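Student: I've got a model open and I'd like to zoom in on one spot, then work outwards from there. Could you walk me through it?

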Amino acid sequence: MYPFGRDQGLYYYVAREWVVRGSIPYKDVLDHKTPGIYLVHALAILLFGERQWGIRILELIGVLAFGFVLGSMIERAGKPIRPGMRGMGMFLSAVMYFGFFDFWSTAQSEIWYSGFGICSIWAARRISDTQKAALVAGAFAGLTLLMKPPGFWFLGIAVAVLVFRLREREPSSRAILRHAAVYAAGAAMLPVLVLGYFGVKGALPAMKDIVVGANAYYVQHEGGAPGTLVQHLVHIFRVFAPLTPLFFLGGAVGLTAAVRSRSRDSIERFAISFALVGAATLAVMMQGKFYLLHWGCLTLPLTFLGLSVFEAVASWRFAHWSRHFAFGVVISVGYVGSAWIENSARVQRDTLDAELKYLRGTYDLRAFNTRFQLGAIAFNYAESYDVGKWLEAHTVPTDTVTVRGFQPEVYAVCGRHHAGRFFWSTFLTNPARAYRREEWLAEDARDLELHPPKYVVTVPWAHDGLDSAEYYESRGYVRVVAFPSFIVMERVGVSERAGDRSPTIH
């Protein structure tokens with residue numbers, strides 16, 4: 001039931017134009033992510049059609065699958081998995097992800113790159129044949145990097161696990177080199193296929209220019225959330241509290257007990273747990289953003305830490321059903337308790353409450369949509385929905401429209417597209433993203449000249465430049481309808497422009 005935020009609108013639009021109209025990412029439509037997230041959204045569109053809920057179905061399947069993998073990874077190769085561990089992994093991963101992250105911070109790249117990185121560790125740890133383990137771990141490594149490069153911190157853990165296994169079985173440099181070659185071959189498979197595809201489509205130069213050049217400029221010039229690293233770490237610790245102190249305290253006690261008892265299995269389990277938390281933290285630090293959505297990569301590491309604590313407790317002597325029940329109760333109470341501390345109160349208020357009211361019929365669609373907003377950045381999905389539906393009602397599928405600013409979710413609502421690369425204008429207006437600014441401005445002007453959209457959606461707070469109504473009035477457009485956060489401009493002839501076309505106010 002979650003609608004799109006701005007990021008999800010970006011990924012969806014690129015994927016939709018790719019699979020529906022054959023427009024190649026980077027070359028024909030511009031966004032700056034690596035191709036993995038577009039592939040996921042493209043799969044959702046192919047499976048479920050042009051609907052916003054398709055990616056949510058895939059994400060739900062992904063989160064449960066990654067939880068299953070975490071439950072399987074609790075033991076090393078050749079050792080049986082305690083009954084119930086996979087189910088507990090699925091339960092806990094769902095709570096840690098969907099319980100703390102709302103519509104804006106889900107359906108992002110983070111759960112996928114961290115999940116596939118963990119699958120690489122699972123292969124290195126659980127597959128008995130070390131050569132096959134290296135190949136499968138490498139294949140997941142390639143998938144991780146396609147999703148988002150910061151995932152490589154997780155891959156370091158997979159490599160370390162493989163090396164430790166090899167040192168036990170074949171402690172020779174030749175064996176390590178042979179397995180490293182197999183791992184590298186596995187890691188190269190998917191990226192080579194993807195790069196080959198873009199090469200055949202003539203999009204490799206544009207891909208390199210945007211993913212490398214534009215992103216380097218963006219990282220250098222655009223800051224993230226304000227605050228020090230310590231402040232960000234304290235904040236995310238509080239977001240998951242009281243589960244985080246429970247997990248970390250239990251992990252510290254468990255690791256200490258394992259070292260004292262020289263339990264190799266427990267030491268490995270807790271070492272991997274804390275290494276995963278460290279990898280997720282480094283992945284966020286590498287990006288320098290520290291917004292809640294970026295911390296999505298921490299949910300699965302925290303899940304494994306929680307499972308490791310549970311595994312240690314499960315070795316105590318009491319009934320099988322009671323320990324699983326007790327763990328489920330602790331996690332549930334901890335989740336509910338988090339509402340009194342930091343983030344979960346907002347998530348519950350703005351999502352679950354709205355959904356229940358909508359399903360019960362006490363909310364209409366307008367009231368439901370209004371609950372999905374972020375006032376700090378002037379995002380209100382209800383307004384995006386309204387303008388999208390207006391565009392849908394006043395156009396036919398062959399018409400093109402242009403939505404300026406950073407509001408790509410409007411395209412998802414109206415089902416229309418922009419005839420050019422710059423379906424959003426942030427890279428043309430934001431000083432922190434001024435890479436190839438003059439060249440791209442000229443390209444955008446050519447697109448508008450060659451393929452003039454029937455309607456252009458501008459923002460009322462801008463009074464010059466690409467995002468303003470004034471810019472398009474000088475190019476033959478008039479204001480036809482005004483929303484609180486949008487102005488819709490229509491292309492008309494010279495004779496029509498001479499008349500009085502006062503805009504309708506919505």
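Student: Where is the place of glutamate 75? Take a close look at that residue for me, and then follow the trail to whatever else deserves a look.

Tutor: Sure. Keep in mind that this is a predicted model. Glutamate 75 sits in the loop between helix H3 (54-72) and helix H4 (85-98). Its relative accessibility is 8%, so glutamate 75 counts as buried. If you skip the neighbours within four places in sequence, glutamate 75 is in contact with Pro80, Ile81, Arg125, Arg126, Asp265, Arg269 and Glu311. With one of these, arginine 269, the side chain of glutamate 75 makes a polar contact of 3.3 Å.

Asp265 from that contact list is worth following. The side chain of aspartate 265 forms a salt bridge with that of lysine 79, at 2.3 Å from N to O. Lysine 79 lies in the loop between H3 and H4 while aspartate 265 is in helix H12, so this pair ties together parts that are 186 residues apart in sequence. The two partners fall into separate accessibility classes: aspartate 265 is buried because its relative accessible area is 14%, whereas lysine 79, at 30%, counts as partly exposed.

Now for salt bridges elsewhere. The whole structure has 23 of them. One pairs arginine 436 with glutamate 439, their side chains meeting at 3.0 Å, N to O. Arginine 436 has a relative accessible area of 36%, so it is partly exposed, and glutamate 439 also counts as partly exposed, at 46% relative accessibility. Arg125, which touches glutamate 75, turns up again here: salt bridges with shared partners join Arg125, Glu168, Arg264 and Glu268 into one network. Another pair is aspartate 28 with lysine 27, where the closest N and O atoms are 3.4 Å apart. Aspartate 28 is partly exposed at 26%, and lysine 27 counts as partly exposed at 32%.

Helix H12 is also part of the nonpolar surface story. Leu145, Phe152, Trp153, Leu229, Leu233, Leu282, Met285 and Met286 make a nonpolar surface patch of about 620 Å². Helix H7 (152-169), helix H10 (229-240) and helix H12 (264-287) each supply at least two of the patch residues, and H12 gives the largest share, three residues. Leucine 233, a patch member, lies in helix H10 and counts as partly exposed because its relative accessibility is 32%.

H7 has another residue to look at, glycine 156. At 41% relative accessibility, glycine 156 counts as partly exposed. Glycine 156 and leucine 276 are 120 residues apart in sequence, and their C-alpha atoms are 9.9 Å apart in space.

Next, some backbone geometry. Most residues other than glycine have a negative phi, and most peptide bonds are trans. With that in mind, check the peptide bond between alanine 241 and proline 242: it is cis, with omega about 10°. Proline 242 lies in the loop between H10 and helix H11 (243-261).

Then there is phenylalanine 290, which is not a glycine but has a positive phi, near 70°. You'll find phenylalanine 290 in the loop between H12 and helix H13 (299-314), and it is buried because its relative accessible area is 14%. Alanine 378 has a positive phi too, about 55°, again without being a glycine. Alanine 378 lies in the loop between strand S1 (373-374) and strand S2 (379-380). With a relative accessible area of 58%, alanine 378 is exposed.

Last stop, the cysteines. There are zero disulfides in the structure. Take cysteine 119: the closest cysteine sulfur, in cysteine 297, is 15 Å from its own, so the two are too far apart for a bond. A disulfide would need the sulfur atoms within 2.5 Å. Cysteine 297 is accordingly in no disulfide. Cysteine 119 counts as buried because its relative accessibility is 6%, and cysteine 297 counts as buried at 0%.

Notes: Residues are numbered from 1 along each chain as its sequence is written. This is a predicted model: local features need pLDDT of at least 70, side-chain atom pairs count only at pLDDT 80 or more; totals for chains, interfaces and linings use all residues. Side-chain values use heavy atoms; hydrogens and water are left out. Patches are made of residues with over 30% relative accessible area and no salt bridge: like charges are joined within 9 Å, nonpolar side chains (Val, Leu, Ile, Met, Phe, Trp, Tyr) within 5 Å. Accessible areas come from the Shrake-Rupley method with a 1.4 Å probe; for residues, only the protein chains shown count as cover. A salt bridge is a side-chain nitrogen of Lys or Arg within 4 Å of a carboxyl oxygen of Asp or Glu. Helices (H or I, at least four residues) and strands (E, at least two) are DSSP runs, numbered from the N terminus. Buried means under 20% relative accessible area, exposed over 50%, partly exposed in between (1.4 Å probe, protein chains only). A polar contact is a pair of N or O atoms within 3.5 Å; within protein, one must be able to donate a hydrogen and the other to accept it, and residues adjacent in sequence count only if both atoms are side-chain atoms. Contact means heavy atoms within 4.5 Å.
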